[in-house]
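The exercises below are to be worked through with the sequence and the coordinates at hand. Each task is followed by a solution that proceeds step by step.

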Amino acid sequence: MKPADTVLVYQSELDYLSRCILDYPHIETGGQLFGYWTSAGVPVVLYAIGPGDNANHQTTFFNQDLNYLEKVGGVLVHEFGLQHIGEWHSHHQLGLAHPSGHDASTIYDNMLKHRLRWFLLCIGNCTNTTSTINAFNFIENTPRYQESQWEVLPMESPFRKVVDRRLKQVLRHPYTKVSALVGMKYKSTMVHGVKQHYPEGYWLNEKSNNKVLKQMLDFVQAQYEDFVCSVSLDKNKLVHILAKEENESTVVDILFPIGFPKQSPLITFEADGFCASGLGWHSIDGAIMPSFVEYYNAHRL
Ligand SMILES: [Zn+2]
């Protein structure tokens, strides 16, 4: 059996790691990754943690605060049923975008010791303002690893808010508030468990726009506390953000047409059949999110 060449991850957790890395641009930092493995050995990252207060940050190594790991990990494993599937640390600006020889042998030793079949190691790098994260899958009986690509679910992990709430007194979150991911090795995007091949020229072929889609989803969700908002794909492989009532009936349907963001999103308020006309859409290069918020607010009922 070979190690998997992909890692499934929720956008919220990549953003969290990016913020953690940016907290320490000149020194190592790190943490653990929780989730589970698919039957094919693909890691699914559902919740990431950063360093505890007593973690040891050095230029060329990082040791987690074990007390912190035990407290947080204990709840994640025993209350939420997640597994400790891997670790991450940052090689900040060392110029090393993969595991060091020492990293690989440490993982190998630990896998032997704890009889682990698979393990995921993520290595971060950064500048003072941007970060990247590379994923490496390990498999039992060899210190060799497989460099892997990210398969991103463009939404918040279902565990992020509940665990944050449950461990409010214990968790240490990054000071950096905004993530900045560049140079990521993405495979493709999954929407509702389906691998996406968008039409040619579609805005979501630009991988960095996954994050914008997630920001828009969060924005729409914040407008409709009582409804469930989600990303969905129509038969033309175009993306919609839908707000639905509990009985599944759609309240708001926001379609991103093939010409988006030059063309406006198509917002339909289903209850009264009102459809935003495209009037007032100002597409600003590289700033889809503010354009979207302005347009949405101009047309909301
Ligand atoms: Zn290292």
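**Exercise 1.** Determine how strand 14 is joined to strand 15, and in which sense the two run.

Solution. In this predicted model, strand 14 (residues 250–255) and strand 15 (residues 266–269) run antiparallel and are joined by four bridges. Within this ladder, Ile254 has Ile267 of strand 15 opposite to it. The loop between strand 14 and strand 15 contains Pro261, and the peptide bond that joins Phe260 to Pro261 is cis, with an omega of about 5 degrees. For comparison, most peptide bonds are trans.

**Exercise 2.** Place strand 12 and strand 13 in their sheet, and work out which strands stand at the edges.

Solution. Begin with the pairing: strand 12 (residues 228–233) and strand 13 (residues 239–244) are antiparallel over six bridges, and Ser230 has Leu242 in strand 13 as its bridge partner. The two strands form a hairpin with five residues between them, where Lys237 adopts a positive phi near 65 degrees. Next, extend the view to the open sheet, whose five strands follow the order 12-13-14-15-16 with antiparallel pairing. Strand 12 and strand 16 (274–275) each have a single partner strand and therefore stand at the edges, so that one side of each is left without a neighbour in the sheet.

**Exercise 3.** Check the span of helix 3 against its number of residues, then examine the phi of Arg115, which follows the helix.

Solution. Helix 3 (residues 101–113) has 13 residues, which at 1.5 Å a residue should span 18 Å. The expected span uses one less than the number of residues. The end C-alpha atoms of helix 3 are 18 Å apart, so the expectation and the model agree. After the helix comes Arg115, in the loop between helix 3 and strand 7 (118–126). Arg115 is not a glycine, and yet its phi is positive, at about 50 degrees. Most residues other than glycine have a negative phi.

**Exercise 4.** Describe how helix 5 packs with helix 6, from the geometry to the residues in contact.

Solution. The axes of helix 5 (residues 209–223) and helix 6 (residues 288–299) are 10 Å apart, and the packing angle is about 25 degrees. Angles under 35 degrees count as roughly parallel, and helix 5 and helix 6 are therefore roughly parallel to each other. The crossing of helix 5 with helix 6 is right-handed. From helix 5, Val212, Gln215, Met216 and Phe219 meet Ile288, Met289, Phe292 and Val293 of helix 6. Sorted by character, the residues of this contact comprise seven nonpolar, one polar and no charged.

Note on methods
Residues numbered from 1 in each chain as written. Predicted model: local features only at pLDDT ≥ 70, side-chain atom pairs only at ≥ 80, totals over all residues. Axes fitted to C-alpha atoms, helices over the stretch in contact; angles between N-to-C directions. Parallel < 35°, antiparallel > 145°, perpendicular 65-115°, else oblique. Left-handed = near helix turned anticlockwise from the far one by under 90°. Contact = placed C-beta atoms within 7 Å. Nonpolar A, V, L, I, M, F, W, Y, C, P; charged D, E, K, R; others polar. Pairing = 2+ DSSP bridges.
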